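Good morning, everyone. Please bring up the structure on your screens, and keep the sequence beside it.

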Amino acid sequence: MSAFKSDFLRTLSERGFIQQVSDDTGLDQLFQTETVSAYIGFDPTAPSLHAGGLIQIMLLHWLQATGHRPVALMGGGTGMVGDPSFKDEARQLMTPETIASNIASIKTVFANYLTFGEGPRDALMVDNADWLLGINYLEFLRDVGRHFSVNRMLSFDSVKLRLEREQSLSFLEFNYMILQAYDFVELNKRYGVRLQMGGSDQWGNIVNGIDLGHRMGTGQLYALTSPLLTTASGAKMGKSAAGAVWLNADLLGAYDFWQYWRNTEDADVTRFLKLYTTLPMDEIARLSALAGSEINEVKKILATEVTAMLHGRAAAEKAAETARKTFEEGALSENLPTIELSADDLAAGIGVLALYVRAGLASSNGEARRHVKGGAVRVNDAVVDDERRTIGDGDLTSDGVIKLSLGRKKHLLVRPSA
């Protein structure tokens with residue numbers, strides 16, 4: 001890939017965001033001469049995006065930071081079909097009410113990364129339901145569908161792999177790539193969008209949109225994809241042992257989010273500093289040169305910087321301080337995640353295995369039992385070696401709480417409900 005001259009592409013290149021570009025010379029020239037509008041689509045399949053989608057939000061952040069206009073496209077229309085790309089089976093169809101609720105919830109995160117408004121570089125958030133729900137099917141087939149070759153659509157990896165595994169691909173899902181291509185054309189017409197970005201699994205769909213634009217008379221359109229990230233050990237980004245690493249604070253608090261990044265594998269620290277923080281490259285180079293025990297301090301910087309962008313600097317520093325008190329001082333911090341138990345439950349006592357499952361520290365009694373046998377379970381910092389132990393109001397500390405720990409890094413407080 002050529003050395004880029006535009007601020008945006010140069011920034012993406014040096015920070016590791018680029019997998020493929022459809023015309024790197026042409027796109028670089030465009031970014032040097034115009035304020036470019038570019039978009040990324042987001043599927044409203046849940047009430048929140050998770051950390052796996054954060055790279056896409058950061059792409060839009062850097063687009064705006066280098067003087068261009070980001071467009072976040074919510075899939076209110078395409079969400080009624082579902083993206084079949086590289087899925088083994090069809091997504092469960094969602095009701096319009098669920099889709100609308102998910103979009104409203106997802107939207108709240110974007111204001112932490114983008115500046116919205118009416119100016120030429122202010123971010124836009126649009127919903128493809130605005131144009132897709134009113135489509136006349138016969139007109140759409142005649143005006144748009146005629147430009148698509150079924151032979152070519154069958155050659156895309158996302159479709160081919162599904163068929164090779166002899167797994168059904170419905171006609172409904174087959175339409176998805178047509179709708180996504182049409183989104184690109186519609187966004188160009190309405191907002192002057194010239195570039196679509198996304199994960200590398202979306203390359204075929206994005207190129208489809210460029211091709212449709214050519215056939216329907218748009219100017220030159222462009223594609224840019226980012227790598228699909230896994231951790232150094234091969235785990236999928238955005239997943240943790242406890243489940244999805246959600247971006248919405250009501251699904252995952254700042255402390256747990258901070259902990260996810262603090263637990264980054266050593267081999268991933270430099271890459272994640274480049275992708276998920278806005279620290280200058282010379283500062284990242286300095287931090288990357290640290291080794292040995294100092295890498296743990298770098299992980300704390302990574303966790304604090306990523307958390308500050310999403311939850312705010314105060315919440316990030318509070319999470320870091322909670323971790324410091326808990327791990328380095330062994331102190332009981334009021335800012336730890338908390339669950340409540342009724343006074344009746346505490347008076348009767350609850351088995352330690354059941355309590356760890358209820359607290360989300362184990363997925364089953366069997367898993368909790370294995371943790372006990374491995375010496376990883378501690379109540380009020382005392383190791384529990386009896387799987388039949390019950391926890392009750394006699395375990396409440398002078399602070400009126402019970403501290404549950406799993407290993408060295410997972411801690412939680414149990415409080416009696418009011």
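Let's start at Y182. What does Y182 touch, leaving out residues up to four places away in sequence? It touches W131, L132, I135, F140, V144 and L212. Remember as we go that this is a predicted model.

Where does Y182 lie? It lies in helix α10, residues 176-191. Is Y182 buried or exposed? Its relative accessibility is 13%. The limit for buried is under 20%, so Y182 counts as buried. Now pick out N128. Y182 and N128 are 54 residues apart in sequence. In space, their C-alpha atoms are 9.8 Å apart.

Next, zoom out to the whole chain. The protein chain has 418 residues, and 48% of them count as buried. The chain has 19 helices and 15 strands. Its C-alpha atoms fill a box of roughly 75 × 50 × 40 Å, taken along the principal axes. The chain exposes about 19,200 Å². Carbon and sulfur atoms supply 49% of that exposed area.

Now for contacts along the sequence. Take contacts between residues at least 6 apart. Of these, 71% join residues at least 24 apart.

On to the inside. The largest nonpolar core has 69 residues. Which members touch the most other members? They are F110, W261 and Y276. Helix α3, residues 54-65, gives the most to this core, with 8 residues. Look at Y276 in detail. Beyond residues up to four places away in sequence, Y276 touches A51, L54, I55, M58, L229, M237, W261, V306 and M309. There is also a second, separate core, with 30 residues. Among its members are W131, M153, A181 and F184.

Stay with α3 for a moment. It is mostly covered, with 11 of its 12 residues buried. Those buried residues are L54, I55, Q56, I57, M58, L59, L60, H61, W62, L63 and Q64. Check the length too. At 1.5 Å a residue, the 12 residues of α3 should span 16 Å. The end C-alpha atoms are 16 Å apart, so the two values agree. After α3 comes G67, with a positive phi near 100°.

Compare that with helix α15, residues 294-311. This helix has 18 residues. From first C-alpha to last, α15 reaches 26 Å, close to the 26 Å expected at 1.5 Å a residue. Its buried residues include I295, V298, K299, L302 and A303. V306 and M309 are buried in α15 as well, and Y276 touches both V306 and M309. What follows α15? It is G312, whose phi is positive, near 100°.

Now the sheets. Strands of a sheet pair through backbone hydrogen bonds, either parallel or antiparallel. One open sheet here has 6 strands, in the order β1-β6-β5-β2-β3-β4, with mixed pairing. Why do β1 and β4 each have one side without a neighbour in the sheet? Both stand at the edges, each with a single partner strand, so one side of each is left free of a neighbour. By residue number, β1 is 20-21 and β4 is 124-127. Strand β3, residues 69-74, runs parallel to β4, and 4 bridges join them. Within that pair, L73 stands opposite V126 in β4.

Another open sheet has 5 strands, in the order β9-β15-β14-β11-β12. Its pairing is mixed too. The edges are β9, residues 338-341, and β12, residues 382-383. Each has a single partner strand, so one side of each lacks a neighbour in the sheet. Strand β11, residues 377-379, pairs with β12 in the antiparallel sense over 2 bridges. Find R378. Its bridge partner in β12 is V383.

One last stop: R194. It is found in strand β5, residues 193-199. R194 has 19% relative accessibility. The cut-off is under 20%, so R194 counts as buried. Where does its side chain reach? It reaches the backbone oxygen of Q220, at 2.9 Å. Setting aside residues up to four places away in sequence, R194 touches L30, E34, V36, S37, F184, N188, Q220, L221 and Y222. One of those contacts, F184, also belongs to the second core.

That's my tour. Thank you.

Conventions: Residues numbered from 1 in each chain as written. Predicted model: local features only at pLDDT ≥ 70, side-chain atom pairs only at ≥ 80, totals over all residues. Heavy atoms only, no water. Core = buried A, V, L, I, M, F, W, Y, C linked by side-chain atoms within 4.5 Å. Buried < 20%, exposed > 50% of the residue type's maximum accessible area, 1.4 Å probe, protein only. Contact = heavy atoms within 4.5 Å. Polar contact = N/O pair within 3.5 Å; in protein donor to acceptor, adjacent residues only side chain to side chain. Expected span 1.5 Å × (residues − 1). Areas by Shrake-Rupley, 256 points an atom, 1.4 Å probe, with all protein chains shown as cover. Pairing = 2+ DSSP bridges.
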